[in-house]
Amino acid sequence: MYLKTRGTVPNQAHVGIPEGLYEEEHGRNGFVGSVSHLYRTHPPTAWIDIAGKLRPRAFACTQISETILSVTTQSVLLMQSRDVSLYLSWQRETMPYFVRNADGDDVYFVHRGRGRFETDYGVLSYEPGDYLVVPKGTTYRTHVDLGPSFFLIVETPVAVVVPDRGALGQHALFDKGVLRAPDLEPVEPAETAGRTWDVHIKHRGEWTRVVYPFYPMDVVGWKGDLWVAKLNVRDFRPVVSPRYHLPPSVHQTFQAGGCLISTFAPRPLESDPQALRVPFYHRNTDYDEVLFYHDGEFFSRSGIRPGMLTFHPQGIHHGPQPQAVQAGKTKTYTSEVAVMVESKTPFTVQPEMDTVEIKDYALSWSRP
């Protein structure tokens, strides 16, 4: 295919959109494949009714009942695809046993709480805004040190990697030098003496319990390129342009096969008066999209609070809400911190999420 043009269009995408028109990006393979821009006289999200499985959904995750959490992991499955499973976890106390995930890598995003991950590779502290990437097969547990801890957990059957940055170079978005590795620490004497220790191992979704007569964190040295890693969002340096609205794919942080994990971090908005300043409308042609809102003011949506999660399936439009478009005309900076998880294969939302769903979210674009 090659470039063709019909009708009323600006000279460049995302720049100088004619007054009264709405730009939609219709593309393939996320935001890096073939693409056309459609200029409409109405926002494509301004429907007044919607029914069916593609209905956009939103959830107040921090309101989920702790009574439905797994006894073993203190977590609940939110949604699942062949590429990725998403869990929420509330942990009020230090885990009295260890776990090991033989089904895939775990990426913990810390929304609330402070503590430590105790792993085969040593100990890593955690705080809000941390990603902790735990490789498949690692034995670990969490120590809760300050307040209850609230985690979004991304489980992927394919290993999590830092994606190639192309022309931006290997130091873009974050220098790998800021990734923190665990430190080996002496085992705690009070916990190691005179008791047995359980390790719960997950494989194919089922749990096996192993009991040791000794403290299982007995590693005294390790070397290699597979280890538990930590990245905080304050070390994430987003790429921006003062004259061009960049696609969400420039914020990609990790990748695991058909699962993409991106970080929306505080950044200046476009200063060119002709440049688009809010996300363009699009229809997620090849990926389901989940956004978890962690902190700050979310400039593309109104009514969004920290701890909420939105879900936009493949094939249905989404984009900025009308209130956000107006507010974006005067803003120069966004303070938002959010995590986006995209899946190449469709998600199935678990029924446990019905209790915290914001039922009228799908019509939020048509409300004044």
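User: What makes the chain agree with a compact globule?

Analyst: A compact globule of 368 residues would have a radius of gyration near 21 Å, and the chain has 22 Å, so the two agree. That radius is taken over C-alpha atoms, and the globule rule is 2.2 Å times the number of residues to the power 0.38. Keep in mind that this is a predicted model, where local features need pLDDT of at least 70, side-chain atom pairs count only at pLDDT 80 or more, and totals for chains, interfaces and linings use all residues. Residues are numbered from 1 along each chain as its sequence is written, and side-chain values use heavy atoms, with hydrogens and water left out.

User: Why is strand E8 called largely enclosed?

Analyst: Buried means under 20% relative accessible area, exposed over 50%, partly exposed in between (1.4 Å probe, protein chains only). In E8, residues 122-126, 4 of the 5 residues are buried, so the rest of the structure largely encloses this strand. Across the chain, 52% of the 368 residues count as buried.

User: How do you know that E7 and E8 pair?

Analyst: Two strands pair if DSSP finds at least two bridges between them. Here 5 bridges join E7 (residues 105-119) to E8, and the strands run antiparallel. Glu118 stands opposite Val123 in E8, and the hairpin formed by E7 and E8 has 2 residues between the strands.

User: What counts as a strand, and how many are there?

Analyst: Strands are DSSP runs (E, at least two residues), as are helices (H or I, at least four), numbered from the N terminus. The chain has 22 strands and 2 helices.
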